[in-house]
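Biologist: I'd love a close look at one part of this model, and then a walk through whatever lies inside the protein. Could you take me through it in one go?

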Amino acid sequence: MFKRLLLIVLAVMALGVTGLNAQRRVTPVTPRQPGTSAPVTDLTKKPIDPSRLVTTTDANGNTVTVDTVTGREYVDSTLLPPPPKMIYPLVHQAIVGVNIWDGFMRCLSQKYGIGDIWGEVSLHNRYFPFFAVGLGNISDTPINKNFTYKTPIAPYFKLGASYNFFYNSNPDYRLQAGLRYGFSAYKWTVSDVTVDEGYWDNPTGYSMPTQSATAGYLEIVLALKVKIFRNFSAGWNVLYHSVIHQSSSAYGNPMYIPGYGKRNGAITANFSLIYTLPLNNKTLPEVEQ
């Protein structure tokens, strides 16, 4: 009787030791066969109830998730759902900006441009549809030239989108790249054209009739936005632009296009004051500041 009882106790202890060894086994990515590197192939494909998973740390510092029902262990929580790729909501913010670059440059003797108002919508703090409407004009007599070029105040429009490289970081600071299409319908004229001074030193000149024109152009934009106070920010843009279509004229191409500027360079820049209106105040996880 004593020997039989001793055998039963030893059998129970052996089963307990086997169970403890099974729980201590750690697999690096997916469950594996004991003592080998071969993966277990007969695992159930049903999702595991997260309420029965317990997270701990093994002797090597690995994060281990233990299934409290089966005793199976997993390293790095490979069976848990992956984290979201974008932490900000779909409709996140509305942004309104005023481009004051041309107005500032006119104070420094620039002869063209007025400015524009633009808006963006932040989608996941990653994608930014863009729209702008503005006014432009010019009245300029270039140095060492024999004419005056004029365009009355005319509207222009821009439509495009940009991508924020820091979409999972603090939205107060953004680095964006984008494309925009601009269009303007306007009029232009060249007046006071001096041909020569004549035999009696009396200048001979004429004025060109007013021309109606349309033009469309493409902008490639690199933009930086920095918060300055509460919901107010400053934004700098560097643009590469090119005319992609325009109406023809018997007098050649116009010197200036509203919204585009003068046609004497492919690179330009602008500066805006920006106001940001939050649209979704959903609590977000902590992000890098």
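Biologist: To start with, in which loop does R230 lie?

Modeller: Happy to, and please keep in mind that this is a predicted model. R230 sits in the loop between β11 and β12. Its phi is near 50 degrees, a positive value in a residue other than glycine. Most residues other than glycine have a negative phi. R230 is exposed, with a relative accessible area of 64%.

A useful partner for R230 is N125, found in the loop between β5 and β6. N125 also has a positive phi, near 60 degrees, and is not a glycine. Its surroundings are another matter: N125 is buried, at a relative accessible area of 0%, whereas R230 is exposed.

From N125 we can step to N164, since N125 is among the contacts of N164 outside its close sequence neighbours. The others in that set are R126, F128, R174, L175 and Q176. N164 belongs to strand β7 and is buried as well, with a relative accessible area of 0%. A polar atom of the N164 side chain lies 3.4 Å from the backbone nitrogen of L175.

Back to the strands on either side of the R230 loop, β11 and β12. Both appear in the lining of the largest cavity: β11 (211–229) and β12 (232–246) each give two or more residues to it, as do β5 (115–123), β8 (173–191) and β15 (267–278). The biggest share comes from β8, with five residues. The volume of this cavity is about 140 Å³. Its lining holds 18 residues, and W118, E120, Q176, A223 and N237 lie nearest the centre. Q176 is a link to the previous part, as one of the contacts of N164. Sorted by class, the lining has eight nonpolar, six polar and four charged residues.

In total there are two cavities of 30 Å³ or more. The second largest has a volume of about 60 Å³. Its lining consists of N99, D116, W118, F130, A132, K158, R180, E219, N237, L239, N270 and S272. W118 and N237 may look familiar, as they are also among the residues nearest the centre of the largest cavity. At least two lining residues come from each of β5, β6 (127–140), β12 and β15. By class, the lining of this second cavity has four nonpolar, four polar and four charged residues.

Next, the nonpolar packing. The largest nonpolar core has 16 residues, and Y149, Y186, W188, V190 and I257 have the most contacts inside it. Two or more of its residues come from each of β7 (148–164), β8, β11 and β13 (256–257). A second, separate core of six residues includes I95, F128, F130 and A132. Two of these names have come up already: F130 and A132 line the second largest cavity. F128, for its part, is in contact with N164.

One last stop is T189, in strand β8. T189 counts as buried because its relative accessible area is 16%, under the 20% limit. Its side chain reaches the backbone oxygen of M208 at 2.9 Å. Setting aside residues up to four places away in sequence, T189 touches T148, Y149, K150, M208, P209 and T210. Y149 is one of the residues with the most contacts inside the largest nonpolar core, so this contact of T189 brings us back to the packing we have just visited.

Definitions and conventions
Residues numbered from 1 in each chain as written. Predicted model: local features only at pLDDT ≥ 70, side-chain atom pairs only at ≥ 80, totals over all residues. Heavy atoms only, no water. 1 Å grid on protein atoms, 1.4 Å probe; cavity = no way out; pocket = protein on both sides within 12 Å on 5 of 7 lines; lining within 4 Å. Points joined across faces, edges and corners; volume = space filled by probe spheres on them. Helix = DSSP H or I, 4+ residues; strand = E, 2+ residues; numbered from the N terminus. Nonpolar A, V, L, I, M, F, W, Y, C, P; charged D, E, K, R; others polar. Buried < 20%, exposed > 50% of the residue type's maximum accessible area, 1.4 Å probe, protein only. Core = buried A, V, L, I, M, F, W, Y, C linked by side-chain atoms within 4.5 Å. Polar contact = N/O pair within 3.5 Å; in protein donor to acceptor, adjacent residues only side chain to side chain. Contact = heavy atoms within 4.5 Å.
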